[in-house]
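Student: I would like to work through this model step by step. Can we start broad and then turn to single residues?

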Amino acid sequence: MSHDSRIHIKSWLRIKHLVLLVTLDESRSLHATARHMNMSQPAASKMLKDIENFFGMALFLRQPRQMTLTSGGRLLVRYARSILNDTDRLIDDLISLREGGHGKLVIGSVPGAAPVLLPQAIIQLKRERPQLAVNVQENSSDRLLADLEYKRLDVVLGRFTDPAQHHLFDFLPLQAEPVSIVVRAGHPLCQHTPTLAEVVRWPWVMHPTSSPMRGLFEVALAEAQVRSPRNVIETTSTQTTLQLVSASDAIALLPTSILRTAISSGRFAALPLTIGEPLGYYGVMTRKGEERAEVVDAFISLLMTRSEG
């Protein structure tokens, strides 16, 4: 693409075009998109046609009941969503500055990092910047990295879940993450040392199949030639997992660091079973090739100092 073509795209493309593409991707309906954008359906249809004519390709396929993305549409919607999330962040930061604040830091973290390094680093950061707004979101690495890619998060404490992600994110290792099998106190399995073949017959609360922790468990089962549990509830919420385990005979696999406090309370017990190797190092992940905000660098510096200490 020539330099002139790049300038032409930047001068023609508008935020409202991006909003139309993202909204249409979410609703797959021109009628719903037009209603959401407070415009008529013919106007929304014309805007989409203008965008497609400008780029010289169909972005959506019109089908009887819904519209589906083409490969070109998928690419454009991906960038549109990233730009709109960046714009939302700009608005939030400007409002914060106007009201006397000092910006916002949005952190994503895998559960295992939440009770260890993260609180200490946030407390120190808030001591240094008391008016900084900090938002922490806990989830599995695959979901956190999707949000990091689309600029819903500034920084993630997690790990790679796909080789292609090495091209998208920078990674600074922090700590390894061992995992443990947890049950409620007084569970029948606490009365002896169970085998893997025995524990899979019980109900389980687990992360989705796409998460590294679930993958670790499935590999351990395959190596032991044991089938996967059939009675499974999937969630990435640590609190929901512990509540389900405490109220039933369900079993869960969680990072050992999370369980220290739960087990010391007397409500839970860890079974004496080793499930594979530790999950490997989780680390600080940021978008590759993008200049980081000063507050992100300060937060990472605090994390690295705590990790090394």
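Tutor: What follows is a set of short questions and answers on this predicted model.

Student: How many helices and strands does the chain have?

Tutor: The chain has 309 residues. Its C-alpha atoms fill a box of roughly 70 × 55 × 35 Å along the principal axes. The secondary structure in it comes to 12 helices and 12 strands.

Student: What percentage of contacts between residues at least 6 apart in sequence join residues at least 24 apart?

Tutor: Contact here means heavy atoms within 4.5 Å. Take the contacts between residues at least 6 apart in sequence, then keep those that join residues at least 24 apart. The share is 72%.

Student: What share of the accessible surface belongs to carbon and sulfur atoms?

Tutor: Of the residues, 43% count as buried. The accessible surface of the chain comes to about 16,300 Å². The part that belongs to carbon and sulfur atoms is 52%.

Student: Which helix gives the largest share of the nonpolar surface patch?

Tutor: The patch covers about 380 Å² and is made by Ile15, Leu75, Tyr79 and Ile83. Ile15 lies in helix H2, residues 15–27. The largest share, 3 residues, comes from residues 71–98, which form helix H5.

Student: Is Ile15 buried, partly exposed or exposed?

Tutor: Buried means under 20% relative accessible area, and exposed means over 50%. Ile15 has 43% relative accessibility, so its class is partly exposed.
That class goes with its place in the nonpolar patch, where residues need over 30% relative accessible area. Ile15 is therefore partly exposed.

Student: Now the charges. How far apart do the centres of the positive and negative sets lie?

Tutor: The chain has 34 positive side chains and 30 negative ones. Each set has a centre. The two centres are separated by 5 Å.

Student: How many salt bridges does a search of the whole structure find?

Tutor: A pair counts when a side-chain nitrogen of Lys or Arg is within 4 Å of a carboxyl oxygen of Asp or Glu. With that cut-off, the search of the whole structure gives 17.

Student: Which residue forms a salt bridge with Glu52?

Tutor: The closest N and O atoms of this pair are 3.0 Å apart. Glu52 sits in helix H4 (residues 41–55) and its partner in strand S1 (residues 60–62), 10 residues apart. The partner is Arg62.

Student: Is Glu52 buried or exposed?

Tutor: The cut-off for buried is under 20% relative accessible area. Glu52 has 5% relative accessibility. Its partner Arg62, at 45%, counts as partly exposed. Glu52, at 5%, is therefore buried.

Student: How many residues apart are Glu294 and Arg129?

Tutor: Glu294 and Arg129 form a salt bridge, with their closest N and O atoms 2.6 Å apart. Glu294 is in helix H12 (residues 294–308), while Arg129 is in the loop between helix H6 (117–128) and strand S4 (133–138). Glu294 counts as exposed at 52% relative accessibility, and Arg129 as partly exposed at 22%. Their separation along the chain is 165 residues.

Student: Why does the salt bridge of Glu290 with Lys151 tie together parts that are far along the sequence, and how many residues apart are they?

Tutor: The closest N and O atoms of Glu290 and Lys151 are 3.7 Å apart. Glu290 lies in the loop between strand S12 (281–287) and H12, and Lys151 in the loop between helix H7 (141–149) and strand S5 (155–158), so the pair joins parts separated in sequence. Glu290 is partly exposed at 34%, and Lys151 is partly exposed at 21%. The separation is 139 residues.

Student: Which residues do salt bridges with shared partners join into one network?

Tutor: Here salt bridges share partners. The residues joined into one network are Asp25, Glu26, Arg28 and Arg81.

Student: What is the phi of Asn38?

Tutor: Asn38 lies in the loop between helix H3 (30–36) and H4. It is exposed, with a relative accessible area of 72%. Its phi is positive, though the residue is not glycine. The value is near 55°.

Student: What is the phi of Lys151?

Tutor: Lys151 is found in the loop between H7 and S5. Lys151 is not a glycine, yet its phi is positive. The value is about 65°.

Technical notes:
Residues numbered from 1 in each chain as written. Predicted model: local features only at pLDDT ≥ 70, side-chain atom pairs only at ≥ 80, totals over all residues. Heavy atoms only, no water. Patch = residues over 30% accessible without salt bridge, like charges linked within 9 Å, V, L, I, M, F, W, Y side chains within 5 Å. Areas by Shrake-Rupley, 256 points an atom, 1.4 Å probe, with all protein chains shown as cover. Helix = DSSP H or I, 4+ residues; strand = E, 2+ residues; numbered from the N terminus. Buried < 20%, exposed > 50% of the residue type's maximum accessible area, 1.4 Å probe, protein only. Lys, Arg positive; Asp, Glu negative; His and termini not counted. Charge placed at Lys NZ, Arg CZ, Asp CG, Glu CD.
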